[in-house]
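Colleague: Please take a close look at the ligand site. Which contacts hold up at the level of atoms, and what surrounds them?

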Amino acid sequence: MKRIRVAVLVSGGGTNLQSIIDASENGRVNAEVVLVISNIESAYALERARKHGIDAVFISDKKKKRREHEEEMAEVIDRYNVDIIVLAGYLKMFTPFFIRRYYGKMINIHPALLPLFGGEGMYGLKVHQAALDCGVKVSGCSVHFVDESIDGGPIIVQKAVKIEEDDSAETLAERILKEEHILLPKAIELFAEGRLKIEGRRVKILKKSD
Ligand code: GRF
């Protein structure tokens with residue numbers, strides 16, 4: 001089967017990016033990261049990509065309209081002929097232009113069990129603090145297709161993580177992040193195998209033989 005070509009969009013440290021690179025290098029995922037784009041010039045994720053010989057591009061979003069920034073990104077992405085776009089800690093909202101262009105081939109990872117603790121302003125430690133404040137006994141992480149809602153697109157896979165009595169937002173984030181590093185490559189592998197079928201709000205995971 002063909003190795004799928006992956007573009008990863010990042011704004012931060014890029015540990016999730018690293019998990020995709022590692023899984024593709026050791027063959028756990030039949031995919032190759034061919035492009036990494038960041039809207040933050042100093043994002044360590046860009047450095048990680050370069051260390052692995054992957055093209056890493058900073059595309060500034062300053063002093064331009066969102067649409068203009070997205071057109072610039074789309075121009076680069078399309079040149080690389082990618083099969084899937086992975087948002088891995090990409091902290092910028094898209095306009096419908098970008099979302100419609102890549103619907104069904106753009107996925108995002110979120111550090112909670114969606115639809116809980118997602119949406120506008122829910123990023124970083126705020127997500128985990130919200131889970132603790134709410135008193136839930138489990139949280140976790142979700143990978144979903146990106147649609148025009150924030151964190152609301154069809155869910156592909158999720159992993160639950162138990163909340164411990166003495167958890168802080170930081171300790172919970174740390175445990176969930178470890179699971180993210182397993183879950184995101186898994187979702188990409190399912191995509192690579194052609195096993196994800198979007199049916200309305202649901203994503204059907206086809207059997208290997210289907
Ligand atoms: C992760 O928690 C991810 O779920 C969220 O942003 C964080 C990115 O972390 N979308 P990293 O940059 O991959 O380390």
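Modeller: A nitrogen atom of the ligand lies 3.0 Å from a polar backbone atom of isoleucine 109; a polar contact here is a pair of N or O atoms within 3.5 Å. This is a predicted model, in which local features need pLDDT of at least 70 and side-chain atom pairs count only at pLDDT 80 or more, while totals for chains, interfaces and linings use all residues. Residues are numbered from 1 along each chain as its sequence is written, and side-chain values use heavy atoms, with hydrogens and water left out.

Two side chains also approach the ligand with an N or O atom: that of threonine 15, 2.6 Å from a ligand oxygen, and that of glutamate 180, 2.6 Å from an oxygen atom of the ligand. Of the 370 Å² of accessible area that the ligand has on its own, the protein covers 79% (Shrake-Rupley method, 1.4 Å probe).

Around the ligand (a heavy atom within 4 Å) are Gly13, Gly14, Thr15, Asn16, Gly89, Ile109, His110, Pro111 and Glu180. By class, two of the shell residues are nonpolar, six polar and one charged; Pro and Ile count as nonpolar, Glu as charged, and Gly as polar. At least two shell residues come from helix 1 (15-25), and at least two from strand 5 (106-110); helices (H or I, at least four residues) and strands (E, at least two) are DSSP runs, numbered from the N terminus. In total, the protein has six helices and nine strands.

Conventions. Polar contact = N/O pair within 3.5 Å; in protein donor to acceptor, adjacent residues only side chain to side chain.
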